[in-house]
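Please examine the sequence and the model shown here. The paragraphs that follow lead through strand pairing, a helix and the nonpolar cores.

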Amino acid sequence: MTPFQFTRRDLFTILFAPVLFLFIKGKRLKGLIILLAIGIIFTGCFKNYYRVVSRPITDTTNLPALKNSDKYFIVHLRNGFYHLKNIRVNGSNLEADMQTLPPERETFIMASQAPSKTYKSRQRSLLFSEVHLYAQDVSIIDTTHLSIPMSSISKVNIYEKDSGKTIGSYALGFLGVYLGANLLLGLIILATCNCPQVYTYDGNQYNFKSGVFSGAIYSSLEKTDYLPLDGLQSVNNKYLFKLANNQKEEQFINQVQLIKVAHGAGKKVLLDRHGTPHTYTKPINATAVDNLSREVAGSLGNTDGNVYLFDQQSDLRSKFGSVVLTFDMAGSKTDGKLVIHAKNSLWSGYVFEEFSSLFGSNYSSWVAKQDKADRRTIEQWQQDQALPLMVYVETDKGWVFADYFPFTGNTAGRDMIMKLDLPANKTNVRIKIESAYMFWELDYAGLDLSPDEPVTLSYLDASAVTRENYEPMPGKVSARDDAYVQLKEDQWVNVVFEETSTDKNKTHSLFLSTTGYYHNTRRYTGKTQTAALYKFRKEGTFNNFSKSKYKTAREALAKGITFPY
C-alpha cells in the first residue's frame, strides 16, 4: 500500500469540492470568501516545481528522436553555451549550426544545479522545450558550426513538471489558509470515511494506516475487513494498534485479530473480501482500455496517485462509470487474479451524506429498521446501485458478473485481489470494472496469471486491550461473541499483539482482521423526502443522484463567481 499522494483530481476535490458544498447549501457568501482567499493565495504563495531528467547518450538513436520533437537544443561547452540548429549525426560525430543564446534562454541555463527547482507559469513553454547537451570537456574556436564526437557528450538533460511537489504546494498552501479560517475542517470531516480509523505504532508515534469495515453502517451489515499491513515492524516484540472513532458515530467492534501469512519468497499475497489468501507475482498491464483517454489508460498501469474517478464510460451501454480493460492471455489460462489499488472518493462521502439527509428527522428510525433488515436485500440494493466496485468478465454470452470489491472508505487506498474464472481458448480477455458516478478512485489494475501457491495462515489474538483512559478490557475483541467494544466520538481502543516465532525459510505478510459495524449519529432535520427516496428502489438511481449533485454543484459555483461589470 502506498502513502497518500496528491493528484490533479484530488487537488480539485480538496480545493473546490468544499466550496461547491457551500454553494449547494445556499451559503454563497462563505463560498465567495473562500474563493477570494484561494485567489489571493494562488497569486503569491503557491509554487510550480520542475525536475531534471538526465539521459546518457548510449547510441546514435537518442538525439534523432529528441530532434524530431521540436525541442530547443542548448549545448554546454567548456567555453560557453550555444543554441544548436540543424542537428545531424554524421558517423560517430554530432554536427550542428550554432547561434548565441537569446537572453530569455539564459534563465534556466544552470537549472539542473538550482537549489529550488521552481518556475513561473509564464515560463512553462520555455522551460519544457529545452534540451541541454553536456560536452564540458570540449572547447571550440568556430562558434558558428559544431562538430564533436558523440562520445564527448556526457549526458542530456530535459526538464519535466514535478506534479507531486507542485500539487502538494497548492494543496498544502490552501489547506493552511483554509484551516486557519476554520472553514474547511467540518466539510472535510463530513466527507471522510465513516468507520474506525486504524493507527500503527512505530516505536515513537502512532501513524494513520486506513479505515476498516467501511460501509457496515447497520448491524445487519456487520462485516470482517482484511487490512494489508505492508512494512509493519514489531516494537519490543509487540505489534501495537489504535482503533479510533474520529467521527460523529457509534462504532461497535466485535473482533480484532492479526493474521500472519507464511508464503514463498518472491511471492506477494493478499486476502480477498472473503478472507481467502491468493498469491501473485507481477500482474500484467492491460494492452487496451476502451473509450477512455490515453492519460487514463496509462495511469492504470502504475500505482502513482493518478486515479480514474469513474466519471466516464468505457462500456457505453452501461448505466455507470466504467473501465473496460483488455489483457493478453499467455497460453490457455482459465483462471486469473485481478489486482487493483483503489479507494472510495471524497465525493462519495459527500453524496452519501446527501442521500442520508433525505430521511430528515426520521433517519435514526430508518437506521433502527435497517439494523433488523435482511442482509442480502441490502447488499443486493448496493450492488444494483454499483456502490461496491463491480467486476465483470466478457464471455461468449456477454458480460458475466464475477464479484465485487467492498468499500474501503476514502481516507486511504489499498491493494485488493479477486480470483476470476476466465473464458477458455481466448487469446485475450476483457474485464469491466464499474462504479456509481465518481464513487471510487481506481489507481491501478493488473491481471496475475500465476497459480495460487500453498500458504500457511496463523491467527493471533490480542494479548492486551485498553481504552483511551488506560482501562484494561481483558478478553475483549478476541472472539466474534457479540460482546462489542463500543466507541463513541473521540474514543479509541489500543490493541496489542505479541510477535510469534516465524519460519526463516518463508516470507511473512501481516493483515489486521477487524469485524464490526457502526452507526452515523448525525442529526438531520426536516421532513422525509419520501418521493425522492422511493426512486432509489430503481437500479442505477444513486449513479444519477451523484451525477445530478455534481452538476448542481458546478452550476452553483459558476453562478456564485459571476460578478456584474
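In this predicted model, strand S4 (residues 93–100) and S7 run antiparallel and are joined by five bridges. Leu-94 has Ile-148 in S7 as its bridge partner. Within strand S7 (residues 145–149), Leu-146 and Ile-148 point to one face and are buried, whereas His-145, Ser-147 and Pro-149 point to the other face and are not buried. In a regular strand, side chains alternate between the two faces of the sheet.

These strands belong to an open sheet of eight strands with mixed pairing, in the order S5-S1-S8-S6-S2-S3-S4-S7. Strand S5 (118–119) and S7 stand at the edges with a single partner strand each, so one side of each has no neighbour in the sheet. Elsewhere in the order, strand S2 (residues 72–77) pairs with strand S6 (residues 130–135) in the parallel sense over six bridges; Tyr-72 has Glu-130 in S6 as its bridge partner.

Helix H9 (residues 363–371) has Tyr-363, Val-367, Gln-370 and Asp-371 buried. Seen down the axis of H9, the buried residues fall within an arc of 105 degrees, and they therefore line one face of the helix. Their packing partners are helix H8 (346–357), helix H10 (375–384) and strand S28 (507–520).

The largest nonpolar core has 84 residues, and Phe-241, Val-323 and Phe-497 have the most contacts inside it. Apart from that core lies another, of 20 residues, including Leu-77, Leu-94, Ala-135 and Met-150. In soluble globular proteins, nonpolar side chains tend to be buried together. Leaving aside residues up to four places away in sequence, Val-323 touches residues including Val-289, Leu-292, Tyr-308, Phe-310 and Ile-431.

Note on methods
Residues are numbered from 1 along each chain as its sequence is written. This is a predicted model: local features need pLDDT of at least 70, side-chain atom pairs count only at pLDDT 80 or more; totals for chains, interfaces and linings use all residues. Side-chain values use heavy atoms; hydrogens and water are left out. Buried means under 20% relative accessible area, exposed over 50%, partly exposed in between (1.4 Å probe, protein chains only). Helices (H or I, at least four residues) and strands (E, at least two) are DSSP runs, numbered from the N terminus. Two strands pair if DSSP finds at least two bridges between them. The arc is that of the directions from the helix axis to the C-beta atoms. Contact means heavy atoms within 4.5 Å. A nonpolar core is a set of buried Ala, Val, Leu, Ile, Met, Phe, Trp, Tyr and Cys residues joined through side-chain atoms within 4.5 Å.
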